[in-house]
Amino acid sequence: MTSRELLYVKTIADERSISQAAKKLFIAQPSLSQSLQRIEGHLGTQLFNRSSGGLALTYAGERYYQMACQILKIYDDFETEVSDMNNLKTGRIHIGVTNHLGTIILPKILPRFNKEYPAVEIKVFEGTTRQQEEKLFSGELDFAVLHAPKHTPHPALSYELLANDPFVIAISRNHPLTGKAQEREGYPYPVLDLKLLKNEPFIMLHKEQRIRHVTDSILAKAKISPPVVLTLKNYETAQSLAGQGMGVTFLPGDYANITSMGCPPALFSIDEKYSPGWDLCITTLRNGFLSRADQYFLSMMRKALAG
């Protein structure tokens with residue numbers, strides 16, 4: 001079993017198609033098909049089920065795929081170690097970040113890092129928090145910048161706290177509740193009592209999104225269960241609709257500050273007794289390998305966000 005064979009099977013599984021995998025690997029399709037037949041023949045079992053919808057891994061194929069990811073990560077780590085020996089004359093960093101966090105964080109770090117280490121290739125994966133965690137487990141990411149779970153963090157992951165971002169309430173500027181908020185020292189916006197929102201229609205994000213997890217936690221601590229008028233995936237849409245009076249929504253303070261719209265909502269702080277925030281973290285596989293390039297990048301990130 002060679003690294004090339006592992007890569008062949010992994011790529012076919014990722015693409016769910018021999019023809020697409022062959023294009024990605026820059027080899028002829030018949031050659032890749034023959035290689036797969038030899039691998040399956042040597043193992044004495046099929047790795048894929050063939051159907052009109054494409055290729056799907058069998059149980060044996062799933063186990064092979066998991067092993068291939070782990071072994072290829074070992075190969076990749078070795079190449080990175082060699083890069084370290086060459087004083088970062090070559091190298092590669094695999095970063096995971098959500099779209100909105102990327103907007104906030106990457107412009108503060110990437111230009112400087114690229115100037116100092118122009119030969120180090122940076123690959124950025126933009127996806128949901130769950131997708132990033134899955135890619136950390138498979139070894140496809142060196143680290144991810146994401147928001148830690150509100151409850152029960154995964155034991156296989158390590159979370160290094162960078163900053164806490166309090167959530168805010170977004171509501172129409174014409175809503176009568178805006179007059180009930182109170183200025184309080186230490187809060188960026190007037191504080192609105194959550195109990196006043198118990199009967200207000202809420203615009204929520206989907207349950208698999210971490211913003212929703214934090215929202216649900218805040219409402220649970222306030223012991224209120226307001227009606228949900230709409231569920232979305234895009235917080236900017238939720239914010240815009242809140243500004244137009246369709247309902248109330250919660251969103252991170254940092255996100256509220258990067259959004260521009262024609263009818264912005266009024267923003268209000270939430271009393272800290274409800275733990276109304278999430279923790280921005282550097283997330284890595286526990287006891288995983290970080291190259292020197294990774295460490296330099298993370299050092300820059302810590303300094304940039306601390307400032």
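Here a trainee and a mentor chat through pockets, strands, aromatic rings and cysteines in a predicted model.

Trainee: Let's start with the pockets. Which element gives the most to the lining of the largest pocket?

Mentor: That pocket holds about 840 Å³ of space. It is lined by 25 residues, and the closest to its centre are Leu7, Lys10, His94, Lys123 and Glu140. Elements that give two or more residues to this lining include helix 2 (18-25), helix 4 (59-85) and strand 3 (91-97). The top giver, with 7 residues, is helix 1.

Trainee: And how many residues of that lining are charged?

Mentor: Let's split the lining of the largest pocket by residue kind. There are 8 nonpolar and 5 polar residues. The charged ones number 12.

Trainee: What about the second largest pocket: which element supplies the largest share of its lining?

Mentor: This one has a volume of about 520 Å³. Its lining has 21 residues, with Thr98, Gly127, Thr128, Thr129 and Gln209 closest to the centre. Helix 6, strand 5 (143-147) and helix 7 (210-222) are among the elements that each supply at least two residues. The largest share, 3 residues, comes from helix 5.

Trainee: How many polar residues are in the lining of the second largest pocket?

Mentor: Same kind of split as before. The nonpolar residues come to 7 and the charged ones to 5. For polar residues the count is 9.

Trainee: On to strands. In strand 2, which residue is the bridge partner of serine 51?

Mentor: Strand 1 (residues 48-51) and strand 2 (residues 54-57) run antiparallel, joined by 4 bridges. A hairpin of 2 residues links them. Across from serine 51, the partner in strand 2 is glycine 54.

Trainee: Strand 6 looks busy. How many bridges join strand 6 to strand 11?

Mentor: Take its partners in turn. Strand 6 pairs with strand 9 (residues 249-252) in the antiparallel sense over 4 bridges, and phenylalanine 167 has proline 252 as its partner there. With strand 10 (residues 266-269), strand 6 is again antiparallel over 4 bridges, and valine 168 stands opposite serine 269. Strand 11 also runs antiparallel to strand 6, with proline 166 opposite glycine 277, and the number of bridges between these two strands is 9.

Trainee: Now the rings. How far apart in sequence are the parts tied together by phenylalanine 167 and tryptophan 278?

Mentor: The whole structure has 8 aromatic pairs. In this one the rings sit edge-to-face, at 5.2 Å centre to centre with 90° between the planes. Phenylalanine 167 belongs to strand 6 (residues 157-171) and tryptophan 278 to strand 11 (residues 277-285), so the pair ties together parts whose separation in sequence is 111 residues.

Trainee: Is tryptophan 278 buried or exposed?

Mentor: Buried means under 20% relative accessible area. Its ring partner, phenylalanine 167, counts as buried at 1%. Tryptophan 278 has 4% relative accessibility, so the word for it is buried.

Trainee: Which residues form one aromatic cluster?

Mentor: Here we look at rings that group together rather than at one pair. The members of the cluster are Phe113, Tyr117, Phe143, Tyr296 and Phe297.

Trainee: Last topic, the cysteines. How many disulfides does a search of the whole structure find?

Mentor: A disulfide is a covalent bond between the sulfur atoms of two cysteines. Cysteine 263 counts as partly exposed because its relative accessibility is 37%, while cysteine 281, at 3%, counts as buried. Searching the whole structure for disulfides gives a total of 0.

Methods:
Residues are numbered from 1 along each chain as its sequence is written. This is a predicted model: local features need pLDDT of at least 70, side-chain atom pairs count only at pLDDT 80 or more; totals for chains, interfaces and linings use all residues. Side-chain values use heavy atoms; hydrogens and water are left out. A disulfide is a pair of cysteine sulfur atoms within 2.5 Å. Buried means under 20% relative accessible area, exposed over 50%, partly exposed in between (1.4 Å probe, protein chains only). On a 1 Å grid over the protein atoms alone, a cavity is a set of points where a 1.4 Å probe fits but cannot get out, and a pocket is an open set with protein on both sides within 12 Å along at least five of seven lines; lining residues have an atom within 4 Å of a point. Grid points are joined across faces, edges and corners, and a volume is the space filled by probe spheres set on the points. Ala, Val, Leu, Ile, Met, Phe, Trp, Tyr, Cys and Pro count as nonpolar, Asp, Glu, Lys and Arg as charged, and the others, Gly among them, as polar. Two strands pair if DSSP finds at least two bridges between them. Rings of Phe, Tyr and Trp (its six-membered ring) pair if their centres lie within 6.5 Å; planes under 30 degrees apart count as stacked, over 60 as edge-to-face and the rest as tilted.
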